[in-house]
Amino acid sequence: MTLLGASPALADASGARLTELREDIDAILEDPALEGAVSGVVVVDTATGEELYSRDGGEQLLPASNMKLFTAAAALEVLGADHSFGTEVAAESAPGRRGEVQDLYLVGRGDPTLSAEDLDAMAAEVAASGVRTVRGDLYADDTWFDSERLVDDWWPEDEPYAYSAQISALTVAHGERFDTGVTEVSVTPAAEGEPADVDLGAAEGYAELDNRAVTGAAGSANTLVIDRPVGTNTIAVTGSLPADAAPVTALRTVDEPAALAGHLFEEALESNGVTVKGDVGLGGVPADWQDAEVLADHTSAELSEILVPFMKFSNNGHAEMLVKSIGQETAGAGTWDAGLVGVEEALSGLGVDTAGLVLNDGSGLSRGNLVTADTVVDLLGQAGSAPWAQTWSASLPVAGESDPFVGGTLANRMRGTAAEGVVEAKTGTMSGVSALSGYVPGPEGELAFSIVNNGHSGPAPLAVQDAIAVRLAEYAGHQAPEGARMMRGPVQGSGELECSWVQAC
């Protein structure tokens, strides 16, 4: 068929280019890394809606962290790009003349970026309000969400690691990437034969320590293991750390993140001159407090800003907190059940065909999720024309960009190729599952693509995904930097988890 307004020669040239593209993608998908795997691959021209390539596009597959595309879009639809999250400190009444209140409540409402510095600022506000003594107890109130901490099919052996932290409406975020429900454990060698020195970071005084790690001879093997046994709030450190080794740091989860927040807030109160006479525990503001006195509050950045660390670093905790926040907004219930219904309704309202979609969490860590490459590309197309499209696009990792807050999980991928600085896409990797879906902007339009690989027996076929994305960038009119060697021929994958989950990007 001749393109409208184009000469037969131009139409033939366009057809030949498309044929070559399809043949090249077919060849890339013959890579040995995909032996035994099923790969859903779809490419669409967003301007015309033309499907440029499709293989197993309707096959239901596990998405890994590509599930976050759906969660982010739903959050923008339901909550809005300008949505912010609040945290308050409440008492039954203002402090009396002697600066006393009975009980104090730290009330969380789903802020995934609440930091220890924010707690200190609120403690200073409490002191500035005239409080000098809390005669009773300090309560951490996380009742904005339910008490279900983990999704039913998340693997128990993942629980010590930051990517599988417990979900709470009141949690303290660590570092500039805002990892929730964790503490940074530091292990430093001592003299040979002596126990290694362990610092529990934020959880010092909250979590228990079982330190069986020893300092080995200089140059000996590093066999250090930092664990949190399932069902405990104990950091267990075992193995040997050479005497000449640098300190080892690792993020490990804690049990009951809200209780850790309460512990840190008590410390912040004490440092600001406020004494808590009673205990620190979990509990909601009493229902019979008609007009609770708000002594301090904190408001988070807007969702448009929070999406950057969430999507760039594939933060599972953020995803699940957003799902429960959607549940609160749509049904008045901060639960996974309500939130996931809200996500699907938002996607349908956006125009996405959800027939092939099965939701069991918001992050993709669950192996109960199912998507099709067709559905992912449908979402990409609908999101690209939504009022919040620019915010959405800015949250996606950008291929080969070394700044981690731009490149994210793609910072070290596709460098020196036509895709560098061009491809914007969400990654996703866990054992036997890997995906890459996003956009390839070009001078004459934009391509939306989805690559979902399931069932590969070796490492994730990241290089296969990259080769397809590079080829799409070339098709869209981009060229590699001068002198760079392009990716060609058989490629090898690597990794079994998102690089951000193992602090590799």
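**Local features of the predicted model**

Serine 314 counts as buried, at 1% relative accessibility. In this predicted model, serine 314 sits in the loop that joins helix 5 (303-312) and helix 6. Its phi is positive, about 55°, although serine 314 is not a glycine. A positive phi is also found at aspartate 56, again not a glycine, with a value of about 50°. Aspartate 56 belongs to the loop between strand 2 (51-55) and helix 2 (67-78). Aspartate 56 has a relative accessible area of 40% and is therefore partly exposed, since this class covers the range between under 20% for buried and over 50% for exposed.

The loop that holds serine 314 leads to helix 6, and the packing of this helix is considered next. Two packed helices are described by the angle between their axes and the distance between the axes. For helix 6 (residues 316-331) and helix 7 (residues 336-350), the axes come within 7 Å and cross at roughly 80°. Helix 6 is therefore roughly perpendicular to helix 7, because angles of 65 to 115 degrees are classed in this way. On the side of helix 6, the contact is formed by Glu320, Val323, Lys324, Ile326, Gly327, Thr330 and Ala331. Helix 7 contributes Trp336, Ala338, Gly339, Leu340, Gly342 and Val343. By character, the residues of this contact comprise seven nonpolar, four polar and two charged.

A second loop serine, serine 395, is located between helix 9 (389-394) and helix 10 (404-407). Serine 395 has a relative accessible area of 1% and is therefore buried, as the limit for this class is under 20%. A polar atom of the serine 395 side chain lies 2.7 Å from the backbone oxygen of tryptophan 392. When neighbours within four places in sequence are left aside, the residues in contact with serine 395 are Leu307, Val308, Met311 and Lys312. Helix 5 spans residues 303-312, and these contacts of serine 395 fall within that range.

Strand pairing was examined for strand 3. Strand 3 (residues 86-91) pairs with strand 20 (residues 293-299) in the antiparallel sense, over six bridges. Within strand 20, valine 294 stands opposite alanine 90. Strand 3 also pairs with strand 5 (residues 104-108), in the antiparallel sense and over four bridges. For valine 89, the bridge partner in strand 5 is leucine 106. Strand 3 is thus paired with both strand 20 and strand 5.

Methods. Residues numbered from 1 in each chain as written. Predicted model: local features only at pLDDT ≥ 70, side-chain atom pairs only at ≥ 80, totals over all residues. Heavy atoms only, no water. Axes fitted to C-alpha atoms, helices over the stretch in contact; angles between N-to-C directions. Helix = DSSP H or I, 4+ residues; strand = E, 2+ residues; numbered from the N terminus. Parallel < 35°, antiparallel > 145°, perpendicular 65-115°, else oblique. Contact = heavy atoms within 4.5 Å. Nonpolar A, V, L, I, M, F, W, Y, C, P; charged D, E, K, R; others polar. Pairing = 2+ DSSP bridges. Buried < 20%, exposed > 50% of the residue type's maximum accessible area, 1.4 Å probe, protein only. Polar contact = N/O pair within 3.5 Å; in protein donor to acceptor, adjacent residues only side chain to side chain.
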